[in-house]
Amino acid sequence: MTHTGRIGSHVIGVPVILIRSDVLARHRPEIWTAPDGPSADPERERLLAEATILHEIRHFHDALLCPPLYDRFMVEAERNAVAATLIGALSEKGERDPEKSLGEEHAELIELHRVNAARLARRNALAYEPAAVSGIGPAITLVDLLEASALVTELSFLHAAFDEGAYDHWLSLRASLPAKYTRIISRFSRTRDSFGEDLQRVSAVLMRCLYRPEPSAAALAEAAGLTEREIDALCDPSVIAEQLAETEKRQNYALYTILEPEQHPRRVFTNAVDIAELHGLCRARMPATGFRVDAYHRDVRDFPVPATGFFADADMVTERRLPFVRKADIRAAYGDAFTLYSVKDRQRRATPACGYFPTFGTEPCLDLSRVDLMLGLRFGTQALLGEKVSYNHAMDQAYAALYRRWMD
């Protein structure tokens with residue numbers, strides 16, 4: 001399993017998880033041929049890869065239930081609506097370089113989006129403030145809490161899959177991952193024998209910190225100095241449920257609106273209604289798990305599941321040692337496949353370098369073609385909106401070429 005080269009939905013604000021193809025090759029070795037040959041322990045490698053996938057899915061669900069991250073989805077939905085409107089209007093005029101040909105009306109539309117994005121950023125500024133947490137660190141942030149929550153999910157999955165082996169894996173991760181969020185887990189971990197129970201406790205602590213009207217790392221400080229019994233009372237499922245209800249009331253998700261120009265293609269991009277519906281599904285499913293992390297990863301397919309975007313990193317592409325897979329095999333294994341572009345491996349066989357498929361073969365909460373269009377438009381209009389957008393080498397190359405074709 002690797003914690004590098006992954007970009008989750010909580011970062012880009014789009015319902016998709018991005019995972020390197022060498023990780024996926026370990027998860028489904030019957031369709032992906034790893035360049036370094038079969039693993040000595042394929043079942044262990046499969047479980048580690050699945051834990052990686054669950055890590056990213058947990059980011060998606062946490063983002064939908066954590067107000068600042070929910071706002072991020074809203075900002076991106078508005079951004080793509082604005083970008084689509086501008087591209088559509090300028091393309092009709094035959095503009096090949098639209099960012100140099102903006103009229104006053106278009107500039108006002110961009111400015112309105114920037115104002116909305118800045119307003120939400122100000123509203124959420126306190127959530128991202130670092131906080132000193134005794135026994136953990138002097139500058140813990142909301143991002144550390146999100147990473148710890150996703151890491152606890154994968155560790156709980158591995159604990160259920162191979163029991164004590166999960167604790168050994170945790171020890172190896174603790175030595176290699178950033179200390180700030182591994183210390184969050186260590187603070188609530190006791191022994192090898194209690195590891196499963198400890199993971200449940202720290203998961204409850206993190207949900208209490210994240211699923212609230214004003215989430216922040218400062219909330220972690222309340223639990224850090226308490227006894228186990230006090231922590232269990234503070235982070236009881238009923239307490240987390242009450243926080244979610246209060247968040248729902250104060251955020252008023254159902255009435256949350258964003259700029260949606262008249263030309264906005266309703267069935268192409270996510271909009272405020274789509275995001276509110278995804279939030280509602282998570283809002284209903286998480287309490288059904290009893291706010292238990294083991295129940296969460298066991299029932300994760302009952303939640304809205306984002307599509308998986310796969311990619312080979314730059315070195316793999318350059319050295320032609322990326323995993324070999326046929327698009328037809330991806331489609332047969334997962335039910336569908338969308339390929340961005342293909343390259344040749346060392347045996348000169350054409351293999352997809354990046355693309356999308358339904359995670360676990362589950363119908364994705366956003367169609368593959370819509371995911372592709374949203375990420376492509378986001379990448380292609382970065383200069384138009386004065387932003388810097390990058391996913392990974394393979395996808396950046398594919399979308400840069402695609403955008404040039406759009407403009408031609």
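These are my notebook entries on the sheet, a few helices, some loop residues and the cavity of this model, which is a predicted one.

**Entry 1: the open sheet**

I started with the strand order. The sheet is open, has four strands and reads β1-β4-β6-β5, with mixed pairing. Its edges are β1 (16-20) and β5 (338-344), each of which pairs on one side only. I also looked up the twist: neighbouring strands of this sheet are turned against each other by 25° on average, ignoring direction.

Then I went through the sheet pair by pair. β1 and β4 are parallel and share five bridges, and in this pair V16 sits opposite A307 of β4. Between β4 and β6 I noted four bridges and an antiparallel run; here F311 faces C354 in β6. β5 and β6 (residues 350-357) are antiparallel too, with six bridges joining them. S342 is the residue that stands opposite P352 in β6.

**Entry 2: β4 by itself**

How many residues of β4 are buried? Five of five, so the strand, residues 307-311, is mostly covered. I checked which way they point: A307, G309 and F311 go one way, T308 and F310 go the other, and all are buried. T308 came up again when I got to the cavity, where it is one of the lining residues.

**Entry 3: hairpins**

There are two hairpins in my notes. In the one made by β5 and β6, five residues lie between the strands, and R348 takes a positive phi near 65°. The other is built from β2 (residues 131-133) and β3 (residues 137-140), an antiparallel pair with two bridges. V133 is across from G137 in β3. This hairpin has three residues between its strands, and G135 has the positive phi, near 80°.

**Entry 4: positive phi in two loops**

Which way does the phi of F291 go, positive or negative? Positive, at about 55°, although F291 is not a glycine. I placed F291 in the loop between α13 (272-288) and α14 (293-298). F291 is buried because its relative accessibility is 4%, under the 20% cut-off.

F360 is another one: its phi is positive, about 60°, and F360 is not a glycine either. This residue belongs to the loop between β6 and α17, and F360 also turns up in the lining of the largest cavity.

**Entry 5: D367 and α17**

D367 is in that loop between β6 and α17 as well. Buried or exposed? Neither: D367 comes out partly exposed because its relative accessible area is 41%, which falls between the 20% and 50% limits. I looked at what D367 comes up against from elsewhere in the chain. P15 is 352 residues away along the chain, yet the two C-alpha atoms are separated by 9.7 Å.

After the loop I checked α17, residues 368-380. The helix has 13 residues, and its first and last C-alpha atoms are 18 Å apart, close to the 18 Å expected at 1.5 Å a residue. Since 11 of those 13 residues are buried, α17 is largely enclosed by the rest of the structure. The buried set includes R370, D372 and R378, alongside L368, V371 and F379.

**Entry 6: α3 and E154**

I ran the span check on α3 (residues 42-65) too. With 24 residues at 1.5 Å each step, the helix should span 34 Å, and the end C-alpha atoms are 35 Å apart, which agrees. Burial is next: 20 of the 24 residues of α3 are buried, so this helix is largely enclosed by the rest of the structure.

I also looked up E154, which is in helix α6 (residues 142-162). E154 counts as buried because its relative accessibility is 0%. The C-alpha of E154 is separated by 9.3 Å from that of E56, a residue 98 positions off along the chain.

**Entry 7: the cavity**

How many cavities of 30 Å³ or more are there? The count comes to one. The largest cavity has a volume of about 40 Å³. Its lining is made of L24, H27, I53, T308, Y334, F357, T359 and F360. I sorted that lining by residue type and got five nonpolar, three polar and no charged.

Notes. Residues are numbered from 1 along each chain as its sequence is written. This is a predicted model: local features need pLDDT of at least 70, side-chain atom pairs count only at pLDDT 80 or more; totals for chains, interfaces and linings use all residues. Side-chain values use heavy atoms; hydrogens and water are left out. Two strands pair if DSSP finds at least two bridges between them. On a 1 Å grid over the protein atoms alone, a cavity is a set of points where a 1.4 Å probe fits but cannot get out, and a pocket is an open set with protein on both sides within 12 Å along at least five of seven lines; lining residues have an atom within 4 Å of a point. Grid points are joined across faces, edges and corners, and a volume is the space filled by probe spheres set on the points. Ala, Val, Leu, Ile, Met, Phe, Trp, Tyr, Cys and Pro count as nonpolar, Asp, Glu, Lys and Arg as charged, and the others, Gly among them, as polar. The expected span of a helix is 1.5 Å times one less than its number of residues. Buried means under 20% relative accessible area, exposed over 50%, partly exposed in between (1.4 Å probe, protein chains only). Axes are lines fitted to C-alpha atoms, for helices over the stretch in contact, and angles run from 0 to 180 degrees between N-to-C directions.
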